[in-house]
Amino acid sequence: MQPPAPPAPLPPEGSPPGRLPWDFHPALTEERLRICARMLANARRDALAMASYELGDDPWSVGCRAFAFGRNRLERAASSGDFPWLEVLDDSAHFVFLIGGNGNGVPVRFYRGAAEEPTERTLRRQELEVQQLSLALGEAEAEGMAFRLAVETDEAGRVERVVFLALRGEDRVECFWPVPLELPAEAATGAAVQLRLIADDGYEGPREAARRPAPP
């Protein structure tokens with residue numbers, strides 16, 4: 001059953017009218033994208049909680065850890081059996097995961113950065129990804145296409161939003177859809193708190209107390 005379509009956000013200026021994720025493939029449902037986006041947001045939350053700036057952590061090291069944590073959460077969820085629609089296509093540093101089961105899933109990659117400004121590295125497609133896109137969408141629709149989840153952060157490294165992108169070639173945005181994330185009640189009232197989301201894969205992450213310095 002296809003989910004109801006929420007109002008489409010405006011794509012970046014100069015882009016064509018946006019399509020919604022499930023317009024490209026029925027496997028890209030809102031619920032599935034929300035689960036994947038929350039896993040990535042939780043992964044970055046955990047990386048920030050574990051950071052030790054006194055010992056030399058910096059935005060680069062935290063970013064590497066956040067990527068590794070996000071990859072691990074998706075891999076663990078895919079192997080758990082609780083998400084039969086989630087698979088891993090490439091578990092290398094180019095990490096590609098699939099949304100949709102039976103080997104016909106849609107390949108997606110994630111990156112941290114501005115959704116409006118994907119880099120050349122972000123746009124680069126892996127051979128396995130291209131082959132899987134053709135299988136899932138057909139050769140004509142898959143031509144030049146790439147699906148990405150952009151994890152946008154504030155100056156402190158906290159997640160502000162996660163955007164699903166359908167990019168064709170270097171300059172054509174066919175879908176720009178901020179994935180709805182569930183914020184805690186205190187965040188909704190404007191309190192300056194770290195993003196707290198449901199641990200969809202069953203892992204709660206490090207305790208807040210774990211990152212506090214030990215008393216002298």
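What share of the 216 residues of the protein count as buried? In this predicted model, 45% of them do, and I would like to keep that figure in mind while we go through the fold, the core and two individual residues.

Let me begin with the overall layout. The secondary structure comes to seven helices and six strands, and along the sequence these elements follow the pattern α-α-α-β-β-β-α-α-α-β-β-β-α. If we take the contacts between residues at least 6 apart in sequence, 54% of them join residues that are at least 24 apart. As for the surface, the protein exposes about 11,700 Å², of which carbon and sulfur atoms supply 51%.

Now to the interior. In soluble globular proteins, nonpolar side chains tend to be buried together. Here the largest nonpolar core has 37 residues, and the members that touch the most other members are Leu74, Phe97, Phe147, Leu149 and Phe164. Helix 2 gives this core its largest share, namely seven residues. There is also a second, separate core of nine residues, with Ala115, Val163, Leu165 and Phe176 among them. Leu149 deserves a closer look: setting aside neighbours within four places in sequence, its contacts include Cys36, Leu40, Phe97, Val108, Phe110, Phe164 and Val179, and Val163, which I have just named as part of the second core, is also in contact with Leu149.

Since Cys36 has come up, a word on the cysteines. Cys36 counts as buried, at 1% relative accessibility, and Cys175 is likewise buried, with a relative accessible area of 0%. A disulfide is a covalent bond between the sulfur atoms of two cysteines, and this structure holds zero disulfides.

Let me turn to helix 5, which spans residues 127-137. Which of its residues are buried? They are Glu129, Gln132, Leu133, Ala136 and Leu137, and, seen down the helix axis, these buried residues fall within an arc of 110°, so they line one face of helix 5. On the other side of the helix, Glu127 and Leu135 are exposed. The buried residues pack against several elements, including helix 1 (21-24), strand 1 (86-90), strand 3 (106-112) and strand 4 (145-153). After helix 5 comes Gly138, whose phi is positive, near 95°.

Within that buried set, consider Gln132, which has a relative accessible area of 9% and is therefore below the 20% limit for being buried. Not counting residues up to four places away in sequence, Gln132 touches Leu89, Leu98, Gly103, Asn104, Gly105 and Pro107.

The second residue I want to show is Arg44, which is found in helix 2, residues 30-50. Is Arg44 buried or exposed? With a relative accessibility of 7%, Arg44 counts as buried. Beyond its neighbours within four places in sequence, Arg44 is in contact with Gly63, Ala66, Arg112, Thr153, Gly157 and Val159. As for Arg158, that residue is 114 residues away from Arg44 in sequence, yet the two C-alpha atoms are 7.3 Å apart in space.

To draw this together, we have a 37-residue nonpolar core to which helix 2 gives the largest share, a helix 5 whose buried residues line one face, and two residues, Gln132 and Arg44, that are each buried in the predicted model.

Methods
Residues numbered from 1 in each chain as written. Predicted model: local features only at pLDDT ≥ 70, side-chain atom pairs only at ≥ 80, totals over all residues. Heavy atoms only, no water. Helix = DSSP H or I, 4+ residues; strand = E, 2+ residues; numbered from the N terminus. Buried < 20%, exposed > 50% of the residue type's maximum accessible area, 1.4 Å probe, protein only. Contact = heavy atoms within 4.5 Å. Disulfide = S-S within 2.5 Å. Arc of directions from axis to C-beta. Areas by Shrake-Rupley, 256 points an atom, 1.4 Å probe, with all protein chains shown as cover. Core = buried A, V, L, I, M, F, W, Y, C linked by side-chain atoms within 4.5 Å.
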